[in-house]
Amino acid sequence: MRRSVGKSIPRKETWEKVTGRTKFINDRAILGLLHVKMAVSPHAHAKIISIDSSEAMKIPGVKAVITGHYYPMLTGSPLADRPPIAIDKVRYYGEPVALVIAEQEYIAEMAALQIKVEYELLPAVLSPKEAFQNNAPLVHERLAEYKRHEEVYPEPGTNIASRTKIRKGDMKEGWRNSRHTVEVEVSLPQSDHAAIEMRCSTAEISPDGIVIIHSTSQSPYVIRRTISRSFHIPSHKVIVHTPLVGGSFGGKSAIQLEYLAFLASRAVGGKAVKIVNSREVDMISSPVHIGLDAKIKLGCNHEGKLMAAEILHLYDGGAYSDRGAVMSRAGAVDCTGPYRIDNVHCDSLCMYTNHPYSTSFRGFGHPELTLAIERAIDLLAGQVGMDPLEFRFHNAIGPGDTSPTQTLLDRSNLGDLPMCIAKLKTLIHWDDRPLREIDGHLIKAKGVCCFWKTSNTPTDAGAGAVVLFNPDGSVNLLCGAVEIGQGTRTALTQLLAERLRMDDKMIHISTEVNTETDPHHWKTVASRSTFLVGNAVLNAADDAIVQLKNIAAIVLQCLPKDLDVGEGKVFLKDRPDMGIPVEKLANGYTFPNGNTIGGQVIGRGSYAMRHLTPLDPETGKGNPGPEWTVGAQAVEVEWNTKDYTYKIVKATTVIDAGKVINPEFARSQIKGAMSMGLSFASREAFLFSDQGTILNPQFRTYKLIRYGEQPQYLVDFVETPHLEAPYGLRGIGEHGLIGMPAALANSLTIATGAALNHLPLTPEMIWRTIHDSV
């Protein structure tokens, strides 16, 4: 029988992309389309005294100007704290203060510059540490009044948008049994998602009240729900379309421009409008990658066994909590890294600052927590006098241990970290060369780390799928997973082809998600789509198989249990030569006399998360996700002692993928994630003035890793099946990024002899760490 899982088949959308035929949101041509542009705040924190749009309205072609008072409301999940357009004050540089709707894009842009806003400046809070101080200015004075959704624990009268607590074991006993202790402080700044396609949305309200939104989004069903709930529109009257998305990395999971597009359309009588960010606006006005200030105290006994961990995470959620509150929870859930530590005290806080607000970024808070714990692990291994990789192997979490949230772990939900470490050791020739080699003014060094991540999805996150059989025996697959470049929709056809035992070329899947016709899917985030939608697809396939067998059993005069499906036919298990082609059953079977039985075969399936629980607000006890993906990573650098520059020579990842569905996809995804991790660890960061202004809002000044700077990438897999997942797979889309900052920091620390705990690791940062005592 034909097999599809484990094969490197091409993407379904490859031909469209390589020929340039792919249509993204900004490529859509709509007759009479109006254009929307934002006027944004030049201040990080200020009261709005007045807004004068009279000069803007005089410009020919301008149809309307709206401010936050046009439809005052608060949005956001899990905490509703953000007006789509600032109302009484601005809380970050780049926050929208008005929208201009005009006939042409350049007219809207010109008019936006003519809007005059009078501000009264307020003291700005410019770091999570500063925000945590008792006397810090408040970013949100009315925090107690905000509506709460999901698990969120704000602390009114402070800048704490949410606090997640982990209380596991007995800390007194843990410290009493600790022979060696270390304390480490790390910091990571906010940065940009830097997707190729800027955020864009169109909206139109038809005369019968139907709202049609096209959006570059990972969350079309969330858009439908939030627009429906916020503006009191029945959900069946909100239709969201999402075609191929030109990259996202989490940044397009947030709902921002969709609100603005709807409000703009409403202001001009429901006409079609489009709002598209320029690169500069995309970087400063839309949500960004979260930052972190962390403090860790770690202890182990004389044998090097970890005994206790005390952790404080201050995540830089920016001006509004958005997904920052959930990311800070994720930072608590996996705070120890993939190590057995029986005594844990962690407070993970989402802090309000006057920075741009944060949203999901590849790794969802884990690259940040991993840098913190892994720097402490390296330091502690050195204090004990153990090889850093051996120290990690010695403390690797395993079946029978519990997570920080006290979830019992087994091979299925955890995987095999020791095997990942062992494979990494071989791949990077760990024992063949010293960790630090000096060749004149060049020093080569290797650094390692381990990582893990669970998904932190809502306890009811789910998905649906429909499998439609065509008269020729081919299949159409309908589902709500968004294609953002990761290859999910192709992988889903592989799962379906495997279950139906048919050629994957006979399975068709569109590149667009349409909430009116496609089954619901929570959203395309958290490396969950192949898990959630994949399970739904397999259930839909099983439903279709039952229908095929029931029809064929009548024709072949046997019981359905005597039949099997594969290679394009339904056949007797003990007589495979006796069967009926699927195309003769797909729309019902017609006998020679013209009688027909059955009808079109339509398989339906759904799936929702199982056995997940909320976390106890005082102890953090609970089951936050279905499984953990674990892995080990290494980075080799060559540091130049003359000019403090360095070259990243090699980067390696070994990951327990459960089951690799498409090897080429998997390797490419992990290499791309590794590149992202090395990029933001080595150079990416927003530069803020002392007033909170972003000084580098364009790619000329915001530096990304370039083609010639890429190291050699090595990727390998361990396969420990996750029993709840389709064919045992685990989420791997984000995970190649998670440990790269930590491995780079560890390698450069070994090379330079200086503790490098603050990103980005630029030559200047290294020089200052070594020489500047201030």
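Which residue in β18 is the bridge partner of T164? In β18, that partner is S348. The structure discussed here is a predicted model, and this pair of residues offers a convenient entry to one of its sheets.

## The five-stranded sheet

Strands of a sheet pair through backbone hydrogen bonds, either parallel or antiparallel. In this model, 5 strands form an open sheet, and their order is β9-β18-β17-β16-β10. The pairing in this sheet is mixed. At its edges stand β9, which covers residues 160-168, and β10, which covers residues 180-188; each of these two strands pairs on one side only. Neighbouring strands of the sheet are turned by 5° against each other on average, with direction ignored.

The bridge between T164 and S348 belongs to the pairing of β9 with β18. Strand β18 consists of residues 343-352, and it pairs with β9 in the antiparallel sense over 8 bridges.

A helix accompanies these strands. Helix α9, formed by residues 324-333, lies across β9, β17 and β18. Of these strands, β17 spans residues 306-318. The helix runs at about 165° to β18.

## The three-stranded sheet

A further sheet is open and has 3 strands in the order β5-β2-β7, with antiparallel pairing. Strands β5 and β7 stand at the edges with a single partner strand each, so one side of each is left without a neighbour in the sheet.

Strand β2 comprises residues 46-52 and pairs with β5, residues 89-90, over 2 bridges in the antiparallel sense. With β7, residues 116-121, strand β2 shares 6 bridges, and these two strands also run antiparallel.

Individual residues show how the strands are aligned. The bridge partner of A46 in β5 is V90, while the bridge partner of A46 in β7 is L121. Further along, S50 stands opposite E118 in β7.

## Helices that pack against one another

Two packed helices are described by the angle between their axes and the distance between the axes. The table lists these values for three helix pairs.

| Helix pair | Axes come within | Crossing angle |
|---|---|---|
| α10 and α11 | 9 Å | roughly 105° |
| α10 and α18 | 8 Å | roughly 35° |
| α11 and α13 | 9 Å | roughly 160° |

Helix α10 covers residues 366-384, and its axis crosses that of α11 at roughly 105°. That angle makes α10 roughly perpendicular to α11. On the α10 side, the contact involves E374, I377, D378, L380, A381 and V384, which meet P388, F391 and R392 of α11. By class, this contact has 6 nonpolar, no polar and 3 charged residues.

Helix α10 also passes α18, and this crossing is right-handed. The residues of α10 in this contact are T370, L371, E374, R375 and D378, and those of α18 are P741, A742, A745, N746, T749 and I750. Here the classes are 5 nonpolar, 3 polar and 3 charged residues. E374 and D378 thus appear in the contact of α10 with α11 and in the contact of α10 with α18.

Helix α11, residues 388-395, and helix α13, residues 417-427, cross at roughly 160°. The two helices are therefore roughly antiparallel to each other. Their crossing is left-handed. In this contact L389, R392 and F393 of α11 meet P418, I421, L424 and K425 of α13. The contact has 5 nonpolar, no polar and 2 charged residues. R392 of α11 takes part here and in the contact with α10.

## Details of the backbone

Two cis peptide bonds may be noted. One joins S77 and P78, with omega at about 10°. P78 lies in the loop between β3, residues 62-67, and β4, residues 79-80. The other runs from L759 to P760, with omega near -5°. P760 is found in the loop between α18, residues 740-752, and α19, residues 763-771.

H429 has a positive phi of about 50° although it is not a glycine. The loop that holds H429 connects α13 with β20, residues 436-439.

## An annotated region

UniProt, in an unreviewed entry, lists residues 623-667 as "domain: PI-PLC Y-box". In the model, this span is 11% helix and 51% strand. The C-alpha atoms at the ends of residues 623-667 lie 30 Å apart.

How values were computed: Residues numbered from 1 in each chain as written. Predicted model: local features only at pLDDT ≥ 70, side-chain atom pairs only at ≥ 80, totals over all residues. Heavy atoms only, no water. UniProt positions renumbered as here; feature names shortened; annotations may be inferred. Helix = DSSP H or I, 4+ residues; strand = E, 2+ residues; numbered from the N terminus. Pairing = 2+ DSSP bridges. Axes fitted to C-alpha atoms, helices over the stretch in contact; angles between N-to-C directions. Contact = heavy atoms within 4.5 Å. Parallel < 35°, antiparallel > 145°, perpendicular 65-115°, else oblique. Left-handed = near helix turned anticlockwise from the far one by under 90°. Nonpolar A, V, L, I, M, F, W, Y, C, P; charged D, E, K, R; others polar.
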